[in-house]
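Here are a few notes to get you started with this one. Keep the viewer open and follow along point by point.

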Amino acid sequence: MEENQSNENNNVTENNQTFKSAKPVATETGYKEFRNSEKRPKSSSGFGKTVILPFFCGILGTVLVIGTCISVPSIKEQIIKQLVTTTTTNDSSKGEGNNSNLANMNTQLISLQGYSETGVGVAKKVQPSIVAITVEYSVNSIFNRTPSTATARGSGIIISEDGYILTNNHVINSSNSSKNSFYEIGKANKVTVKLYNDDTEYKGEIIGTDSQTDLAVIKIDKTDLTAAELGDSDSVQVGEFSMAIGSPLGLDNSVTAGIVSAVNREVSDEDGNKYVAIQTDAAINSGNSGGALVNSKGQVIGVNTLKLSGTSVEGIGFAIPINATKDIYNQLIQYSKVKRPYVGISGSDLTKEIAEQYRLALDVGVYVRSVDDFSAAEKAGIKPGDIIIEAEGKKITKMDELNEIKNKKQIGDTLKLKISRDGKEKDVTVTLQEQP
């Protein structure tokens, strides 16, 4: 740019008329020769050859050079940056405040272009790894002895090239009974899967489901699929780009974008299952369940599963962190279920407030209501009426706290508990079994 600008200042004056040098770079010798040449009688032909023709050739050459540069993306980008800088500098005389606004506007334009290109690139990368799922259920009614059929739709994420697909349990398995006691919904009779840009309906086989984590794995008989790239959900930060991809309301291959609103958000579903989830304001609607929440690199960081709905609610959706799903779907593929450690009790939270409310002179902890036959708890000597006050040396007041400690262990590990029975404390050791 500096070289071209210096050439433009190499002007030639003759008879009070100024003309720009026809050559991009004028040599010192040529410049002096032109200045020191003897004046000759002017003629129209000489004037055209020495001035007009070089002038228009220079313009044509400049146009060709700029056109070539614009066609090369890297050069085009540098030109745009130069134009932005030049425009900001030239307008500085209009006032400091006006110049600041212009600089901000230019920054916004460049940022929006980058944001748009990010969205396009992420969508192209991830869409081939997202499927649409249709499930048919049998519905029994007290008003009709002949079962009817209901249809549900959801989404799924291809996790292997040979056809394994991760989705939500509630997409595959509906509740045994609906909120309306007149109807009962059975298990899925038929599962069909549609791939990206493929109208073929593939039969889906249910490999395994887990209601506790709301995850399921199905499989289709097809190979050479595009498996999604999984990211690291533990490194997700509030405010970063997020895109939800799935089939909301039956609209296959839909994408919505936003940001990560929160991480490690504790939420509960309608069945009382609790999750630690990623919160996002990317629109999530019915049918998005089981689809992917992805980052700006096109990596899956979560499985879309929940949304808050209501007239006063907008832009609050949740996804199960992908790191929390890996052990679950591996077990579902290997065992068709999730193997969890098992104590074998049913209990109730006994807080200080409850004890005071019912005037109970009892310790705070987990009140054991029943003990399963032949369970680990029974073998350890735990009885109904006992109060578990500590687990692994940590005081507990809720079943959730006991389960959290238990779930960090493996089947066959020991769990040290302290119980209160008839006002006396006792230490017991439970050898964890596999949950039946």
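1. Start with the barrel. In this predicted model, 6 strands close into a barrel, and going round it the order is 10-11-12-15-14-13. The pairing in the barrel is antiparallel. Neighbouring strands of this sheet are turned against each other by 50 degrees on average, if you ignore direction.

2. Next, zoom in on one pair from that barrel. Strand 13 covers residues 292-294 and strand 14 covers residues 300-307; they pair in the antiparallel sense over 3 bridges. If you want a spot to click on, try Val294, whose bridge partner in strand 14 is Val300.

3. Now look at helix 7, residues 322-335, which packs on this sheet. The helix touches strand 14 and also strand 15 (317-321), and its direction makes about 50 degrees with that of strand 15. Helix 7 also lies across strand 5 (164-167), strand 8 and strand 9 (215-219). Against strand 9 it runs at about 50 degrees.

4. Those last strands belong to a second sheet. This one is open, with 7 strands in the order 7-6-3-4-5-9-8 and antiparallel pairing. Which strands sit at the edges? They are strand 7 (201-203) and strand 8 (205-210), each of which pairs on one side only. From one strand to the next, the twist averages 35 degrees.

5. Within the open sheet, have a look at strand 3 (residues 130-141) and strand 4 (residues 144-158). The two run antiparallel and are joined by 11 bridges. Along this pairing, Tyr137 stands opposite Ala150 in strand 4.

6. A word on aromatic rings and charges. The count of aromatic pairs comes to 0. There are lysines over tyrosine rings, though: the charged end of Lys219 sits over the ring of Tyr164, 5.3 Å from its centre. Lys339 lies over the face of Tyr335, at 4.0 Å from the ring centre.

7. Finally, go to helix 10 (residues 399-406). Which of its residues are buried? They are Met399, Leu402, Ile405 and Lys406. Seen down the axis of helix 10, these buried residues fall within an arc of 130 degrees, so they line one face of the helix. As for what covers them, the list includes strand 16 (341-342), strand 17 (345-350) and strand 18 (365-371). Strand 19 (387-391), strand 20 (394-395) and strand 21 (414-421) are also among the elements covering the buried residues of helix 10.

How values were computed. Residues numbered from 1 in each chain as written. Predicted model: local features only at pLDDT ≥ 70, side-chain atom pairs only at ≥ 80, totals over all residues. Heavy atoms only, no water. Pairing = 2+ DSSP bridges. Helix = DSSP H or I, 4+ residues; strand = E, 2+ residues; numbered from the N terminus. Axes fitted to C-alpha atoms, helices over the stretch in contact; angles between N-to-C directions. Contact = heavy atoms within 4.5 Å. Phe/Tyr/Trp six-rings, centres within 6.5 Å; stacked < 30°, edge-to-face > 60°. Lys NZ or Arg CZ within 6 Å of the ring centre and 35° of its normal. Buried < 20%, exposed > 50% of the residue type's maximum accessible area, 1.4 Å probe, protein only. Arc of directions from axis to C-beta.
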